[in-house]
Amino acid sequence: MKVKFGRQTLLYPMPAVLVGAVVRGNPNFMTAAWCSIASHKPPAVAVALYKKRYTLEGIFETGAFSINVPSSSMAARVDYCGIYSGRSEDKSDMFELFHGSDKDIPMIKDCPVNLECKVLHKLEVGSHVLVIGEIVESYISEECLVDGQPDPEKIDPLIYSPKVRTYHRLGEVVGRAFHMGKKAGGLK
Ligand SMILES: Cc1cc2nc3c(=O)[nH]c(=O)nc-3n(C[C@H](O)[C@H](O)[C@H](O)COP(=O)(O)O)c2cc1C
């Protein structure tokens, strides 16, 4: 039995990332759960930002932003960045920052994964602007690499559950992608 649940933005899982931008000359970070990869070539990421977000003002100003993937231990600071606006609270001193070649793209050292992005497209979709950024560089904390590859358990990303509004961690490994399906022909 299915229960109709209405026109809801239910998607699982949602990441809880920190979007960084320089706004009016000052680094600012906001939490976003509506974030996904948008393209492989060029490598691109999409994030849906409500039109009035202070961070969006900076993204429009500079044409650049960062996506920072926090670990679960950063949950309280992530939540803070999702409650308070840079319009009234200075969030620039909450994290130790670093930059790539572009000073307009502030990134967070504590976050194990960082994507340095230049705006490719902006698309108005109702209440939100879908910002698509080309990933010009990515960074990963060395201690999160195992055999040169990003290790999900070491990254320990923060996951968000819509509606119930809770933060979670990754669960157990279920199987190998692009592999276990090969043996599932008999399940059709
Ligand atoms: C878990 C969580 C997820 C959020 N996801 C989004 C999102 O995807 N898009 C958005 O526009 N706002 C989202 N918000 C709200 C913004 O983070 C919040 O309004 C923030 O204060 C905006 O900061 P700013 O005004 O400094 O840009 C989220 C908040 C939380 C707590």
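Here is a short conversation about the ligand and one residue, Asn68, in this predicted model.

Reader: Why is Asn68 called buried?

Author: Buried means a relative accessible area under 20%. Asn68 has a value of 0%, so the word applies. You can find Asn68 in strand β6, which covers residues 64-69.

Reader: What makes the link between the side chains of Asn68 and Ser66 a polar contact?

Author: A polar contact needs a pair of N or O atoms within 3.5 Å. The side chains of Asn68 and Ser66 are joined at 2.9 Å, so the pair meets that distance limit. The side chain of Asn68 also reaches the backbone nitrogen of Ile108, at 3.0 Å.

Reader: Let's turn to the ligand. How do you know that Ser85 has an atom within the polar contact distance of the ligand?

Author: The limit is again 3.5 Å. An oxygen atom of the ligand lies 2.6 Å from an N or O atom in the Ser85 side chain, so this pair is within it. The backbone takes part too: a polar backbone atom of Trp34 is 3.0 Å from an oxygen atom of the ligand, and one of Ala33 is 3.0 Å from a nitrogen atom of the ligand. On its own the ligand has 650 Å² of accessible area, and the protein covers 88% of that.

Reader: Which elements give two or more residues to the shell around the ligand?

Author: They are β3 (26-32), β5 (44-50), α1 (54-62) and α2 (75-83). By class, the shell holds 13 nonpolar, seven polar and three charged residues.

Reader: And where does the ligand sit?

Author: The ligand sits in the largest pocket.

How values were computed. Residues are numbered from 1 along each chain as its sequence is written. This is a predicted model: local features need pLDDT of at least 70, side-chain atom pairs count only at pLDDT 80 or more; totals for chains, interfaces and linings use all residues. Side-chain values use heavy atoms; hydrogens and water are left out. A polar contact is a pair of N or O atoms within 3.5 Å; within protein, one must be able to donate a hydrogen and the other to accept it, and residues adjacent in sequence count only if both atoms are side-chain atoms. Accessible areas come from the Shrake-Rupley method with a 1.4 Å probe; for residues, only the protein chains shown count as cover. On a 1 Å grid over the protein atoms alone, a cavity is a set of points where a 1.4 Å probe fits but cannot get out, and a pocket is an open set with protein on both sides within 12 Å along at least five of seven lines; lining residues have an atom within 4 Å of a point. A molecule sits in a cavity or pocket if more than half of its atoms lie within 2 Å of its grid points. Helices (H or I, at least four residues) and strands (E, at least two) are DSSP runs, numbered from the N terminus. Ala, Val, Leu, Ile, Met, Phe, Trp, Tyr, Cys and Pro count as nonpolar, Asp, Glu, Lys and Arg as charged, and the others, Gly among them, as polar. Buried means under 20% relative accessible area, exposed over 50%, partly exposed in between (1.4 Å probe, protein chains only).
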